[in-house]
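Me: I'd like a close look at a single part of this one, please. Pick one strand and walk me through its surroundings, then say a little about the ligand.

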Amino acid sequence: MGKRSHEPTEQRPKKKSKSEKPAKASKDKQENGDEKTLSYSDASALSAIPQSEIDSFLTKNVIKISDPSSPDASQFRPILSFDHLPKCDVGLYTQLKSFPAPTPIQSTTWPLLFAGRDVIGIAETGSGKTLGFGLPCLKKLIDSKSSKPSQPKAVIISPTRELAMQIYDQLVKFGQNEKTQVTCIYGGVGKDEQRRALQKAAIVVATPGRLKDLQSDGSIDLGKVNYLVLDEADRMLDKGFEQDIKDIVKPMPVSRRQTVMFTATWPRSVRDLAATFMKTPVTVTIGGDPSADPRANTRIKQVVEVVDGREKEGRLVQLLTKSQRGHQSPEKVLVFCLYKKEAMRIENLIRNKGFAVAGIHGDLNQSERFRNLDAFKKGNATVLIATDVAARGLDIPNVKLVINVTFPLTVEDYVHRIGRTGRAGADGLAITMFTENDKGLSGGLINVLKAAKQDVPEDLLKFGTTVKKKQHDVYGAFYKDVDMDKTATKITFDD
Ligand SMILES: Nc1ncnc2c1ncn2[C@@H]1O[C@H](COP(=O)(O)OP(=O)(O)OP(=O)(O)O)[C@@H](O)[C@H]1O
């Protein structure tokens, strides 16, 4: 565990006197001797906003900023409007016009990231974290561009291939002029094309296994990387990925890079480890205390049904019938299973009942995974049966309902799973079947329900309210290669 203390004092931003200068800059002394000044100062329109307005924004959105290096977190005023963004000559901000304003996590982390600080950003699912780290990444690339890149300057690591592709798509969409310089690499497909693309890549979005592979065989040199993002950071730091991440970051020492971690859940178990990857990070939390239980997005209505395991399939068919039949356009429903074989069995059952269904899990090849996800995105299939490979980060338009047929291994995964609905300000519904087998997680689930002001069924309370210590080292496991009623023997991850 890291020696560095990661217990910063929590501060609410203080009031700023009118005479105070808004300009700020942070210096990044690079090991190769270059001293790079990352200058950032508030736009004049932002400086002109009365402090009371800033304070009410921070209070309304329950924003906490913890900066161990400065008692005065107010030196970074949140960017309340896109007009407050630092000047950028190319059309980086053009696509933002489709949004009314930055989301709270964007408002609060952008100034810190533009100023070169290491940041941990914790905010609910579907709250725009991708652009939170993505826009400063593109801006940094644009600002630093003196010649064509020969080596990547930024690396964004994501736990799944589909999420990596989604982040890549967003970066390409927003950084249109930088298109050729963003590359996505992930496992399950050939390496040659990826090697070619890497030759002109300034930003690399990757899953850890393939990145490590290409690094080990000399296809990619990460020695010039100065912006590192771990998306779904708690997932990236758990036992399944920890060593890969350590290996990947070796050529880019912490002193020389800006390190950024974003997630919706931030369990204590990963915090000390996270600190070893960062230099005096500022922790930004939207909507609550990071030391509390994982927080679900409060616009999602959560229903928990305590059932007998044998009732699950019948109940699933009932729920799908209600959401799919008799509607001109059936609702999109995402159904989560824990096991690959379970997912396959449920998919067949649902298909035989005549529903428009697709599946996504680790036993499919990569083109099937992409194709099935795409069919669901486009609405050609309105039911997607998934394992936890689809639990994190995926931004699928208009998912109205998430059904958990089998409870995940951790309550954090539950929060991410249900977060596939209720995105970008929309409402959503999550229905979870909970059986006696899951009772070890009842305490954690009850706390998640209570924190989001949801009903807690009596039947669930019967299983107990104690929160057990995390049971799985491989927190957020994706798949188990076993049948439902056998003990897990092998857990595999994306590469
Ligand atoms: N400022 C904004 N205003 C409105 N919508 C936005 C804004 N920024 C991003 N979005 C949209 O919000 C949706 C969710 O964003 P994103 O996928 O980045 O969420 P997230 O916080 O990373 O979620 P998760 O925790 O599930 O990974 C996307 O469709 C994105 O285009």
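Me: How is β10 covered, and which strands pair with β10?

Reply: Keep in mind that this is a predicted model. Let's start with the strand itself: β10 spans residues 282-286, and 5 of its 5 residues are buried. V282, V284 and I286 point one way, while T283 and T285 point the other way. That fits the usual pattern, since side chains in a regular strand alternate between the two faces of the sheet. Here both sets are buried.

Now the neighbours. Strand β3, residues 63-66, pairs with β10 in the antiparallel sense through 4 bridges; in that pairing, S66 has T283 as its bridge partner. Strand β4, residues 119-122, runs parallel to β10 and is joined to it by 4 bridges, with G121 partnered by V284.

For a contrast, try A45 in helix α1, residues 44-47. A45 counts as partly exposed because its relative accessible area is 41%, which falls between the 20% and 50% cut-offs. Its C-alpha atom sits 25 Å from that of T285, with the two positions 240 residues apart along the chain.

On to the ligand. It is surrounded by 20 residues, the closest being A101, G126, K129, T130 and D395. By class, that shell holds 5 nonpolar, 9 polar and 6 charged residues. As for polar contacts, a side-chain atom of Q106 lies 2.9 Å from a ligand nitrogen, a backbone atom of G128 is 3.2 Å from a ligand oxygen, and an N or O atom in the R423 side chain is 2.8 Å from a ligand oxygen. Taken alone, the ligand would expose 650 Å², and the protein buries 90% of that.

Notes: Residues numbered from 1 in each chain as written. Predicted model: local features only at pLDDT ≥ 70, side-chain atom pairs only at ≥ 80, totals over all residues. Heavy atoms only, no water. Buried < 20%, exposed > 50% of the residue type's maximum accessible area, 1.4 Å probe, protein only. Helix = DSSP H or I, 4+ residues; strand = E, 2+ residues; numbered from the N terminus. Pairing = 2+ DSSP bridges. Near = heavy atom within 4 Å. Polar contact = N/O pair within 3.5 Å; in protein donor to acceptor, adjacent residues only side chain to side chain. Areas by Shrake-Rupley, 256 points an atom, 1.4 Å probe, with all protein chains shown as cover. Nonpolar A, V, L, I, M, F, W, Y, C, P; charged D, E, K, R; others polar.
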